[in-house]
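This report walks through a few regions of the structure shown below, from a strand and its partners to a loop residue and a surface patch.

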Amino acid sequence: MTFLHAAFPHSRLRRNRQDEWCRDLVAETHLSVQDLILPVFLRDENAPRTIDAMPEVFRHTLEELKDLCKKAQNLGIRAVILFPYTDPALRYDDGKEAWNPNNLICQAVRVLKDALPSLGIIVDVALDPYTSHGHDGILKNGEVANDETIEALIKQSLTLAQAGVDVIAPSDMMDGRIGAIRKALDQEGHQHVRILAYSAKYASAFYGPFREALGSLSLLGKANKKTYQMDPANAREALREAAQDVLEGADMLMVKPGLAYLDILYRLHEQFPMPLFVYQVSGEYSMLKAAAEKGWIDYKKALMESLIAFKRAGATGILTYAALEAAEFLQDKGHDQ
Ligand code: PBG
């Protein structure tokens with residue numbers, strides 16, 4: 001970098017670091033509770049509540065959902081993103097439960113819109129909670145078929161819009177799905193429904209605990225999602241993915257997972273004047289929890305450090321399973337980090 005800069009001993013960078021008030025004053029980035037989006041898993045009464053690989057994260061019934069979201073809102077969290085654990089009896093090859101207007105997610109959207117009208121409701125769009133094979137789309141000759149899947153995603157999106165969702169977040173990584181969903185929403189009078197595009201979503205091992213939560217892990221078996229999710233080796237390709245989503249009408253972009261993809265987050269932030277979100281995914285959360293359980297790291301400090309890293313790299317906001325904890329940490333002001 002070329003700029004005028006006094007040399008040592010005139011310049012001493014430690015001078016600004018000597019007390020907390022000054023460190024706070026010169027901090028370049030800040031984390032606020034308004035940056036946080038809470039992912040929530042849903043279940044019907046018969047489904048198990050606990051998730052082995054995600055300590056302190058649960059699947060919630062509609063009744064429990066209301067209490068959880070009330071708590072989140074009281075802490076200052078502005079939005080949640082919903083994921084269903086679907087009854088295995090309702091999982092079909094084509095994932096048709098996704099466009100059942102009375103499915104668990106649609107019920108949840110209606111419950112929340114009624115109980116907490118000022119809470120933002122985001123719903124993930126993809127078929128994996130609903131398919132018998134655990135893939136995000138419809139299979140043809142054993143492969144996820146792009147255009148057939150888009151038709152299904154359109155039905156899913158319209159059903160969600162009808163139920164009253166605020167933001168649709170396609171996480172399926174089909175080509176052309178943002179434009180197709182936007183067009184269908186507009187044709188049906190849902191111009192106000194926003195699209196948060198999972199633009200740069202990588203084929204990642206860090207999704208394991210989430211798939212357990214959804215019940216899709218065992219269905220997927222040894223299969224993987226590499227023909228539609230991105231290769232972790234690629235960064236420039238993420239710019240093309242994001243550019244397409246922007247051109248197709250995305251309102252907001254997302255990078256996922258988080259910490260292992262900070263360079264992608266930074267590049268998208270530099271390249272696109274768009275609201276940009278990052279997903280601290282299940283495996284990232286579980287690693288923090290597991291190391292903390294062993295007494296090997298300080299959970300609070302490690303969590304808050306990872307969250308400020310996302311802000312530093314350019315995130316507008318963060319989806320994290322630790323949103324409630326982080327909100328509480330931000331509240332007890334004596335931040336001793
Ligand atoms: C579904 C979806 C996944 C996640 C969000 N939406 C899993 C996957 O693509 O297999 C992962 C979230 C997490 O791990 O926390 N398309």
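In this predicted model, the bridge partner of L36 in strand β11 is I318. That bridge belongs to the pairing of β1 with β11, a strand of residues 317–320, which takes place in the parallel sense over 2 bridges. Strand β1 also runs parallel to β3, which spans residues 79–84 and is joined to β1 by 6 bridges, and parallel to β2, residues 59–60, to which it is joined by 2 bridges. Within these pairings, V40 of β1 stands opposite L82 in β3, while L42 stands opposite H60 in β2. The table sets out the three partners.

| Partner of β1 | Residues | Sense | Bridges |
|---|---|---|---|
| β11 | 317–320 | parallel | 2 bridges |
| β3 | 79–84 | parallel | 6 bridges |
| β2 | 59–60 | parallel | 2 bridges |

How many residues of strand β1 are buried? Strand β1 covers residues 36–42 and is mostly covered, with 7 of its 7 residues buried. The side chains leave the strand in two directions, with L36, L38, V40 and L42 pointing one way and I37, P39 and F41 pointing the other way, and all of these residues are buried.

A loop residue comes next. Y228 is placed in the loop between α7, residues 217–220, and α8, residues 236–247. Is Y228 buried or exposed? Y228 counts as buried because its relative accessibility is 8%, and the cut-off for a buried residue is under 20% relative accessible area. When residues up to four places away in sequence are not counted, Y228 touches H135, D136, V144, D172, M173 and M174. With one of these residues, H135, the side chain of Y228 also makes a polar contact of 2.7 Å. By contrast, Y228 and L4, which are 224 residues apart along the chain, have C-alpha atoms separated by 48 Å.

The last region lies on the surface, where W21, L25 and V26 form a nonpolar patch whose members together have about 360 Å² of accessible area. V26, one of these residues, lies in helix α1, which spans residues 20–26. Why is V26 described as partly exposed? The relative accessible area of V26 is 41%, and V26 is therefore classed as partly exposed, since that class lies between the buried limit of under 20% and the exposed limit of over 50%.

How values were computed:
Residues are numbered from 1 along each chain as its sequence is written. This is a predicted model: local features need pLDDT of at least 70, side-chain atom pairs count only at pLDDT 80 or more; totals for chains, interfaces and linings use all residues. Side-chain values use heavy atoms; hydrogens and water are left out. Patches are made of residues with over 30% relative accessible area and no salt bridge: like charges are joined within 9 Å, nonpolar side chains (Val, Leu, Ile, Met, Phe, Trp, Tyr) within 5 Å. Accessible areas come from the Shrake-Rupley method with a 1.4 Å probe; for residues, only the protein chains shown count as cover. A salt bridge is a side-chain nitrogen of Lys or Arg within 4 Å of a carboxyl oxygen of Asp or Glu. Helices (H or I, at least four residues) and strands (E, at least two) are DSSP runs, numbered from the N terminus. Buried means under 20% relative accessible area, exposed over 50%, partly exposed in between (1.4 Å probe, protein chains only). Two strands pair if DSSP finds at least two bridges between them. Contact means heavy atoms within 4.5 Å. A polar contact is a pair of N or O atoms within 3.5 Å; within protein, one must be able to donate a hydrogen and the other to accept it, and residues adjacent in sequence count only if both atoms are side-chain atoms.
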